[in-house]
Amino acid sequence: MNQTMTPLVDPRIWDETTAALRAAAAKLLTDGTVAAVVGYVAGRRSGSAMPAIVSTAAEAETLIFSPSCTNNLSLYLTRSKKSIGARGKLAVMVKGCDLRALAGLISENQLQRDQVVILGLACPGVYAAAADRRQPLSAENIAGKCRECSVRTPENVDQLLGRLPELPPLEDSEAAELARLEALTPPERWGFWNGHFSRCIRCLACRQVCPFCFCEQCLCDRNRPQGVEGSPRPAGNTAWHIVRAMHLAGRCAGCAECESACPMEIPLNLLNRKMAQELKELYGYESGTEAQEKGPLTSYDEKDDQSFIK
Amino acid sequence: MPKTITIQNLHALLDRLIAVGTRVVGPRESGSMTLYEPLASGAELSLRDLPRRSAKEAFFPICESILSYSRVAGKTTVSDPDLSQLPPTLLVGARPCDTAAAPVLDAVFSWDYKDEFYLERRNRTTVLGLACTRCDDACFCTALGGAPDARAGSDLFLSPLSDGSFTLEALTEKGEEFLGAASDLLRSGSAAAPVPLAAPALPPFDLAKIKGWLDGHFEDPLWAEIAERCAGCGACAFLCPACHCFDIVDEGSESKGERRKYWDACGFSKFTLHASTHNPRDGQPARYRNRIMHKFKYYDDKFGQTLCTGCGRCVRACPVGIDIAAVLDEINNK
């Protein structure tokens, strides 16, 4: 059962990145550039990692970078985590995918670029949610989003940590799954999503880990009047996930945290990708690693497609 | 001589029950995971993996209607659900970390208010527990005084044998009655050896010591240290076999609707939000503190029991890696 998989890259590269990261974090904390560093530390379970906010050079020695560092830490820079921002200027560890979210938050005026020191991580990929984290990162256990990653070396960061080794080509599992769903008939596709949504327990992990779900009043929490049925029943679950996807269209940075957080394994990133595809076709918009002045759905251009107005 | 049953006969037994209208709930493959769900046939039973969600749903469903109303031509009719229609249920293949939660939940659901929705389901359910032979590094039942073959909460108990069959023992009157009705499918004894039990790695916690520390540390920097990272979702509580908080909300239109009782979680910021907009638990550290206090102090104060069975589901599911066993270990070492 625990047969060893072929490592995708030499596992020592994470040790190198970790060493560089610890030195960088310690320096930023010691010279007072930042009050705290938002990063990852090891958990109790073998191979695990979790977000941590460290504020001393000694604590900086506990920071790690490994394929278990899945979380998008830009979550901790949003207004839903005000207590962390209240400590002062922060540095944050970001992979390329996370950087897109950070750029999006800057675009949405949730954050000023000069308020944060961005420690970019050269990242070969992270584990899929179901991976055994005692195994090396491999073509079998890498997260779907990493298979077609185009931002393994984040640009426009304050410090780039680690180096990216050559990677073997990986199959695009997520794009293939999206294409498979697109080829289904509407009733078949509806059946696919109904099956998933019927298992939703409304733990709202998808919302809570999303850097863009920073609304202080979420529509789905409203009860006077109720916007979306709050009870975990198929109709309300479906409404919730569709509302979520729509509200994130043109904002979602594709970090797939929603999907990796879902305890019921609902493939939420497929919805995000579908939205991204529509946004690209309609407005030529793609989320990037640099802040943009206006999002595709928050600006108006006379040349926009208006064919939907009948 | 202990009774034994082959897997084929266990399936046949479940088929027989399903045929007479018993709701048989057990681990079955559902999508990409195993869940406790009503079985359409005995062969659907899948005993390999610990179900992703706990067995509490057999008594405490994720959502249920506790009242319905309709309004026609100015006349409003309100009706209660008919609990006498709840089917007799067999919960089969429940792991000891799930069955152990049932007597713990009984305490609160039959305390100052008798929750008839929970109690009716509980009374109509026979619990057929299963000795646990697989664990991972999130499992810690043994650290809390549980065991992979603990009988707490079970009416009957299955222990896997190396030839694929099981010993089947009755533990309660309900269990004896059940066994009597199934006697034609049982054998006496077996030469096969028992499958070795799961052996979670964590050493036992000193729960009295942990409670002693909690008694004096409502205010402590530990809470922010652990829970500043908490994302504030309900995954831990919803997957937990012992968490039992629920909300009651009226949903529907002017002409018809239902009053629904459904799972709620103390990790949600709105869990304690007052109408005035004041929130007495004003951050994830205060909310996570409540989670630990409720499990290891308040429930102990009130009922002399611990609201955690060490199933490890919250550890596996937490999107930000909060590990309740690591938290207990830290308190245990203070």
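This text describes the contact between chain A and chain B and then the largest cavity. The model is predicted, so that local features need pLDDT of at least 70 and side-chain atom pairs count only at pLDDT 80 or more, while totals for chains, interfaces and linings use all residues. Residues are numbered from 1 along each chain as its sequence is written, chains are lettered from A in the order in which they are written, and side-chain values use heavy atoms, without hydrogens and water.

Chain B contributes 40 residues to the contact and chain A contributes 37, where contact means heavy atoms within 4.5 Å. Together the two chains bury about 3,100 Å², with 52% of it on carbon and sulfur atoms; this is the accessible area (1.4 Å probe) lost on being put together, summed over both. In chain B, the most area is lost to chain A by Asp137(B), Glu228(B) and Arg229(B), together 21% of what that side buries.

The interface holds 6 salt bridges, each a side-chain nitrogen of Lys or Arg within 4 Å of a carboxyl oxygen of Asp or Glu. One of them joins Glu229(A) to Arg260(B), with the closest N and O atoms 3.4 Å apart.

The largest cavity encloses about 210 Å³; a cavity is a set of points on a 1 Å grid over the protein atoms alone where a 1.4 Å probe fits but cannot get out, and lining residues have an atom within 4 Å of a point. The volume is the space filled by probe spheres set on the points, which are joined across faces, edges and corners. Of its 18 lining residues, those closest to the centre are Cys230(B), Cys236(B), Tyr288(B), Cys318(B) and Ile322(B).

How values were computed:
On a 1 Å grid over the protein atoms alone, a cavity is a set of points where a 1.4 Å probe fits but cannot get out, and a pocket is an open set with protein on both sides within 12 Å along at least five of seven lines; lining residues have an atom within 4 Å of a point.
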